[in-house]
Amino acid sequence: MRQQQLIRFDWAIKHILRDKANFDVLEGFLSELTGMDIKILEILESESNKKTEKDKINRVDIMVATQTGERIIVEVQCDRQVDYYHRLQNLTDGRMSDSEDDIGKCALHPSQASCNPINPFDPRHKKIISVTVAYFDLGQGDDYVYHGTTRFEGIHTHKILTLSAREEALYHKKTVEDIYPEYYILRINSFDHETRNNLDEWVYFLKNEKLPENYRARGLKEAAEKLDVLKLSGEERRDYDRYLETLMDRASFY
């Protein structure tokens with residue numbers, strides 16, 4: 001039996017998954033990735049979310065809530081840039097402004113005067129999680145999913161620096177890591193197609209545009225229903241085919 005062909009995630013995230021009716025797909029992906037019960041509250045409007053022919057980056061900025069009620073800003077992006085680490089740092093640095101109204105502007109232009117340093121005591125300050133789906137060979141390593149945080153380790157004792165009770169009250173955070181951005185990097189090309197857990201089922205889809213057999217991961221059932229290539233309108237299908245052709249043209253340069 002032929003496997004159902006689904007829309008590529010990097011195209012869907014720009015054209016389909018921003019629709020509120022399709023939030024459950026992204027909620028499933030983020031929940032399986034972070035281990036938290038993620039609920040999307042809204043798509044944050046910014047320059048990076050505008051659909052233009054010149055925009056080569058498929059990215060969406062989201063405000064989500066966890067099962068504890070904490071609100072988190074999540075950046076999900078799919079990219080193919082060799083100098084990606086610097087760009088990733090600039091995006092999250094720009095995100096850490098003291099006004100949520102400046103979020104999109106700062107993400108694109110972190111050097112602008114309106115992008116002031118973060119005030120961690122401000123209750124408006126949200127945790128930031130950056131998720132990268134890398135469709136290129138990013139770095140070297142023996143894994144395909146990486147998680148990064150900012151921690152301070154003692155040089156002599158190797159123990160992690162923690163917040164005092166007074167600092168917890170001031171920062172409204174439990175750990176030092178909670179103050180700084182958190183990063184997830186999925187190296188899609190390094191996945192070996194073996195689905196060992198629910199997250200692997202998602203990575204399988206991200207790499208193959210198809211679902212593994214007997215999948216159980218949250219959000220994949222919804223992906224099968226809403227990301228079916230055959231359900232695209234005529235105009236959407238032409239746009240999607242042009243995108244695939246562009247990817248093939250780019251691949252010939254590497």
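Student: Where does asparagine 214 sit?

Tutor: Asparagine 214 lies in the loop between H6 and helix H7 (220-226). Helices (H or I, at least four residues) and strands (E, at least two) are DSSP runs, numbered from the N terminus. This is a predicted model, in which local features need pLDDT of at least 70 and side-chain atom pairs count only at pLDDT 80 or more, while totals for chains, interfaces and linings use all residues. Residues are numbered from 1 along each chain as its sequence is written, and side-chain values use heavy atoms, with hydrogens and water left out.

Student: What is the phi of asparagine 214?

Tutor: Here is the general idea: most residues other than glycine have a negative phi. Asparagine 214 is not a glycine, yet its phi is positive, near 55 degrees.

Student: Which residues besides that one have a positive phi, such as histidine 193 or glutamate 209?

Tutor: Both of those do. Histidine 193, also not a glycine, has a phi of about 75 degrees, and it is found in the loop between strand E6 (182-187) and helix H6 (198-208). Glutamate 209 follows H6 and has a positive phi near 55 degrees.

Student: Are asparagine 214 and histidine 193 buried or exposed?

Tutor: Buried means under 20% relative accessible area, exposed means over 50%, and partly exposed is in between (1.4 Å probe, protein chains only). Asparagine 214 has 72% relative accessibility, so it counts as exposed. Histidine 193 has 36%, so it counts as partly exposed.

Student: Why is H6 described as largely enclosed by the rest of the structure?

Tutor: Because eight of its eleven residues are buried. Among them are Trp202, Tyr204 and Phe205.

Student: What do the buried residues of H6 pack against?

Tutor: Look for contacts, meaning heavy atoms within 4.5 Å. The partners are helix H1 (9-15), helix H2 (23-34), strand E4 (127-134), strand E5 (145-148), E6 and H7.

Student: Which residue caps the N-terminal end of H6?

Tutor: Asparagine 197 does, with a side-chain oxygen 3.2 Å from the backbone nitrogen of leucine 199. As a general guide, a polar contact is a pair of N or O atoms within 3.5 Å; within protein, one must be able to donate a hydrogen and the other to accept it, and residues adjacent in sequence count only if both atoms are side-chain atoms.

Student: How many helices and strands are there overall?

Tutor: The protein chain has eight helices and six strands. Of its 254 residues, 46% count as buried.
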